[in-house]
Amino acid sequence: TRLAETETKLGDVTSEFEAAITEKDEEIADSRAMAEGMEESLVEATKEREILKGRNDNLATERDALAEQLREREEELARAREEMEGMKRSNEELTAKVDDLAGDVEGLTSDLETAAEELAAAKDREADLASDLEASAERGADL
């Protein structure tokens with residue numbers, strides 16, 4: 001009977017051991033499946049990372065190109081501002097010259113008006129002298 005009990009216990013332990021092994025085998029199979037799933041996820045994440053890295057590189061290149069374009073436009077703007085300032089200075093100089101010339105024209109016009117008045121006065125004196133001369137000539141002929 002002791003032998004039967006031992007065999008029964010041994011059978012029970014063996015059954016428990018086999019059940020534990022089966023349970024562990026199932027856990028290992030689940031772990032392997034999980035590891036395979038994780039490996040696939042890792043591969044997909046790596047692919048996505050490479051795609052994102054490529055996009056990031058493209059964006060960095062585009063950013064650099066846009067920064068260069070911006071720098072060029074800022075240089076063009078600075079040159080245009082310098083040119084505009086030069087034109088403003090030239091315009092101010094021309095305005096001053098025009099103002100000076102306008103003053104000169106006004107002075108010449110005034111001189112011309114004065115000369116015209118003097119000429120008219122001289123013509124009047126000439127006419128008076130001619131009239132006086134004729135009168136003197138007539139008196140001289142009467143004598």
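A residue is called buried when its relative accessible area is under 20%, exposed when that area is over 50%, and partly exposed in between (1.4 Å probe, protein chains only). By that yardstick, 0% of the 143 residues of the protein count as buried.

Here is how to read the legends. This is a predicted model, in which local features need pLDDT of at least 70 and side-chain atom pairs count only at pLDDT 80 or more, while totals for chains, interfaces and linings use all residues. Residues are numbered from 1 along each chain as its sequence is written, and side-chain values use heavy atoms, with hydrogens and water left out.

**View 1. The whole chain: one helix and zero strands.** The protein holds one helix and zero strands; both kinds of element are DSSP runs numbered from the N terminus, with helices being H or I runs of at least four residues and strands being E runs of at least two. Its radius of gyration is 59 Å, well over the 15 Å that the globule rule gives for 143 residues, so the protein is more spread out than a compact globule. For that comparison, the radius is taken over C-alpha atoms, and the globule rule is 2.2 Å times the number of residues to the power 0.38. The C-alpha trace spans about 205 × 20 × 15 Å along its principal axes. The accessible surface of the protein adds up to about 13,000 Å², and carbon and sulfur atoms own 56% of this surface. Such areas come from the Shrake-Rupley method with a 1.4 Å probe, and for residues only the protein chains shown count as cover.

**View 2. Distances along the helix.** Three pairs of C-alpha atoms make handy rulers here. Glu44 and Ala33, 11 residues apart in sequence, are 16 Å apart in space. For Ala96 and Lys53, 43 residues apart along the chain, the separation is 63 Å. Leu112 and Ala4 are 108 residues apart in sequence, and 154 Å lies between their C-alpha atoms. Leu112 sits in helix 1 and is exposed, with a relative accessible area of 61%. Ala96 is also part of helix 1, but it is partly exposed at 39%.

**View 3. Charges over the whole protein, and a negative patch.** The protein carries 19 positive and 44 negative side chains, and 8 Å separates the centres of the two sets. Lys and Arg count as positive and Asp and Glu as negative, with His and the chain ends not counted; each charge is placed at NZ of Lys, CZ of Arg, CG of Asp or CD of Glu. Which residues gather in a patch of negative charge on the surface? They are Glu23, Asp25, Glu26 and Asp30. A patch is made of residues with over 30% relative accessible area and no salt bridge, joining like charges within 9 Å and nonpolar side chains (Val, Leu, Ile, Met, Phe, Trp, Tyr) within 5 Å. Within this patch, Glu26 belongs to helix 1, which covers residues 2-142, and is partly exposed with a relative accessible area of 48%.

**View 4. Glu44 and Lys47, a salt bridge in helix 1.** A salt bridge is a side-chain nitrogen of Lys or Arg within 4 Å of a carboxyl oxygen of Asp or Glu, and the whole structure has nine. In this view, Glu44 is bridged to Lys47, with 4.0 Å between the closest N and O atoms. The two residues lie three residues apart in helix 1, about one turn of the helix. Glu44 is partly exposed at 47% relative accessibility, and Lys47 is partly exposed with a relative accessible area of 47%.

**View 5. A salt-bridge network around Arg71.** Salt bridges link Glu68, Arg71 and Glu75 in a network. Between Arg71 and Glu75, the N-to-O distance is 2.3 Å. These two are separated by about one helical turn because they are four residues apart in helix 1. Arg71 is partly exposed, with a relative accessible area of 35%, and Glu75 is partly exposed too, at 34% relative accessibility.

**View 6. Arg73 and Glu76, another bridged pair.** The side chains of Arg73 and Glu76 form a salt bridge with an N-to-O distance of 3.8 Å. Both residues lie in helix 1, three residues and about one turn of the helix apart. Are they buried or partly exposed? Arg73 counts as partly exposed at 45% relative accessibility, and Glu76 counts as partly exposed at 40%.
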